[in-house]
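Colleague: Could you take me through one part of this model in some detail, and then show me how the rest of the chain sits around that part? I would be glad of one connected account.

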Amino acid sequence: MRLFLKVPELTLLIVLSLACYFAIGVIEPIANGEVFSLHSILSLTLASFILSVAIAIIAVIAGIGGGVIFTPIVLGFTSLDSLVVRATGLVVAMFSGLISAAPLLKQGLVDIRLVYICALPTVIGGLLGALMAFQLASVMGPSSDAFVRVLLGLLLLGVAVLFITGGGRHDYPKTSRLTGLARLFSLDMSYYEESVQTQVRYSVKRLGLAICLFIGVGFVGGFFGLGGGWAMVPVLNLVMAVPLKAAVASSGVLLALGNAAAIWPYMLYGAMVPILVAPWMLGQVIGGIVGAHILAKVKVVVVRRLMILLLCLTSVKLIYRGLQDLDYIGRIIS
Amino acid sequence: MSQDSLRQSGVIYGVTIYWFTIAGAVIVLLGSFLALGLGWTVMPVNEQLSQLLQGKPLSLSNSITSGDMLIQLGLGLSVFSIVPAILLGVPRLWRSGYRLVALCGCANVLLLIGAFGFCFL
């Protein structure tokens with residue numbers, strides 16, 4: 001409740017959103033079609049909005065970007081065109097990061113140096129991935145959707161394993177002298193850790209390797225519309241030795257900047273369907289603000305366990321559907 | 001090298017994006033009202049949804065007067081806010097001695113504008 005008083009723009013956005021959907025319901029302008037009644041269109045929009053708020057809160061707290069939750073679930077459980085889903089997934093992935101940048105940078109959890117440096121390879125990878133997505137669709141035709149489902153399912157299984165074996169993560173990695181590229185950029189950093197009431201110092205390591213990895217992360221994020229936040233936290237924490245909480249916070253902000261260029265090809269090719277994207281974008285903005293304000297206080301363990309379960313279930317469903325569409329399941333049974 | 005300037009540069013970046021994104025969200029909301037509330041869409045909403053749920057791609061021609069276009073404008077404004085956000089914060093980074101980082105920020109701006117130009121111009 002205190003949050004709504006502290007952040008009046010959040011309250012205003014929630015009130016405006018609810019008033020808008022209420023007004024749409026009252027005006028009843030859309031003629032009831034053969035397939036959809038006004039009631040079902042409004043229910044679909046409201047459900048998307050509420051789900052998006054929930055995904056954004058989880059995404060900011062876990063530092064993963066909402067795309068990794070949205071894209072696989074929608075691809076696995078609906079028959080929407082995969083390019084449309086991936087375009088919406090990118091919006092879901094990047095908007096909670098965009099809106100949460102201000103509170104996280106003010107709290108000092110995110111260092112802008114890290115964002116600018118790591119965003120460069122991510123932007124390049126993301127743009128290449130998005131362009132490749134359209135190339136694949138034009139070369140393979142309708143079967144590209146099934147192919148993408150199988151690939152994404154396998155990738156998600158890998159991500160789930162990464163989350164499960166994440167016990168090796170370092171909350172506070174040891175600091176050491178700066179070397180190589182990190183020294184050139186003077187990447188000695190610190191932030192105030194609220195939970196232990198102390199200033200945590202850290203030095204970035206292995207920047208060159210991290211830059212190569214970020215190109216790959218950007219590519220996968222742009223290609224699948226996942227965003228890539230799920231891979232950014234391990235790269236920041238395990239490769240670059242950024243403390244876990246700072247890595248989680250930086251990942252979201254980095255994700256927003258890193259995926260910005262990947263949005264344009266999806267808009268250009270008409271894969272961004274405005275009435276579908278709108279409630280997801282609004283939900284991400286509202287959920288992103290809420291998530292950023294509770295990140296400093298929350299324990300991420302519960303969110304991670306929920307994520308692992310969700311990833312495993314969705315990946316199995318994706319692989320099954322992809323193989324079914326490619327007619328492998330039918331051939332195996334017969 | 002000043003830590004204060006570094007922090008301020010980050011805050012400028014975050015705050016600029018924050019307010020642009022909120023403005024973008026309001027535009028998207030207005031667009032949603034026009035599209036769903038008044039039916040100002042390029043293609044009827046019913047038709048759009050039924051095509052989408054059948055797994056067919058949509059080919060929407062953007063009309064400047066439609067709610068669809070307003071939603072795209074709101075999205076584009078929020079995404080493009082990264083450019084002024086970086087440009088406003090970079091001089092402070094440069095003056096405080098983090099010149100290589102400032103150059104990385106500028107390179108990000110060039111990439112974003114370049115990608116936009118490559119796709120739309």
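**A close look at helix α9 of chain A**

Modeller: Happily! Just after α9(A), A:G225 takes a positive phi of about 70°. Please keep in mind that this is a predicted model, and every value below is computed from it.

Let us walk back from that glycine into the helix itself. Helix α9 of chain A covers residues 207-224, 18 residues in total. From first C-alpha to last it reaches 25 Å, close to the 26 Å expected at 1.5 Å a residue. Many positions along α9(A) are buried, including A:L207 at the start and A:F224 at the end. Between them, A:A210, A:L213, A:F214 and A:V217 are buried too, as are A:G218, A:F219, A:G221, A:G222 and A:F223.

Where does some of that cover come from? One partner to look at is helix α10 of chain A, residues 229-239, which packs against α9(A) at an angle of about 175° with the axes 10 Å apart. The angle is over 145°, so α9(A) and α10(A) count as roughly antiparallel. On the α9(A) side, the contact uses A:L209, A:A210, A:L213, A:F214 and A:V217. They meet A:A231, A:M232, A:V235 and A:V239 of α10(A). By class, this contact has nine nonpolar residues, no polar ones and no charged ones. A general point helps in reading such lists: an α-helix has 3.6 residues a turn, so residues three or four places apart point the same way.

The approach to α9(A) deserves a look as well. A:R206 lies in the loop between β2 (198-203) and α9 of chain A, and its phi is positive, about 45°, although it is not a glycine. Most residues other than glycine have a negative phi. A:R206 has 18 C-beta neighbours inside 10 Å, and therefore counts as partly exposed. A further case is A:S186, with phi near 50°, in the loop between α8 (180-184) and β1 (188-193) of chain A. A:S186 counts as partly exposed because it has 17 C-beta neighbours inside 10 Å, short of the 20 needed for buried.

Now for the surroundings. Chain A has 14 helices and two strands, and 55% of its 334 residues are buried. Of the contacts in chain A with a separation of 6 or more, 82% are between residues 24 or more positions apart.

Helix α6 of chain A (residues 112-140) offers another example of a glycine after a helix: A:G141 follows α6(A) with a positive phi of about 70°. The 29 residues of α6(A) reach 41 Å, close to the 42 Å expected, and 21 of the 29 are buried. α6(A) bends by about 35° at A:A119, with the proline A:P121 following within four residues.

Finally, the two chains meet through 60 residues from chain A and 60 residues from chain B. Among the elements giving two or more residues to the chain A side are α2 (8-27), α6 and α12 (274-294). That side of chain A has 49 nonpolar, seven polar and four charged residues. Within the interface, α2(A) and helix α1 of chain B (residues 3-37) pack at about 5°, with their axes 9 Å apart, and are therefore roughly parallel. Among the residues in this contact are A:L13 and A:L16 of α2(A), and B:L29 and B:F33 of α1(B).

Conventions. Residues are numbered from 1 along each chain as its sequence is written. Chains are lettered from A and ligands numbered from 1 in the order in which they are written. This is a predicted model: local features need pLDDT of at least 70, side-chain atom pairs count only at pLDDT 80 or more; totals for chains, interfaces and linings use all residues. The expected span of a helix is 1.5 Å times one less than its number of residues. The bend at a residue is the angle between axes fitted to the seven residues ending there and the seven starting there. A residue is buried if 20 or more other C-beta atoms lie within 10 Å of its own, exposed if 12 or fewer, and partly exposed in between; C-beta atoms are placed from the backbone. Two residues are in contact if their C-beta atoms, placed from the backbone, lie within 7 Å. Ala, Val, Leu, Ile, Met, Phe, Trp, Tyr, Cys and Pro count as nonpolar, Asp, Glu, Lys and Arg as charged, and the others, Gly among them, as polar. Axes are lines fitted to C-alpha atoms, for helices over the stretch in contact, and angles run from 0 to 180 degrees between N-to-C directions. Angles under 35 degrees count as roughly parallel, over 145 as roughly antiparallel, 65 to 115 as roughly perpendicular and the rest as oblique.
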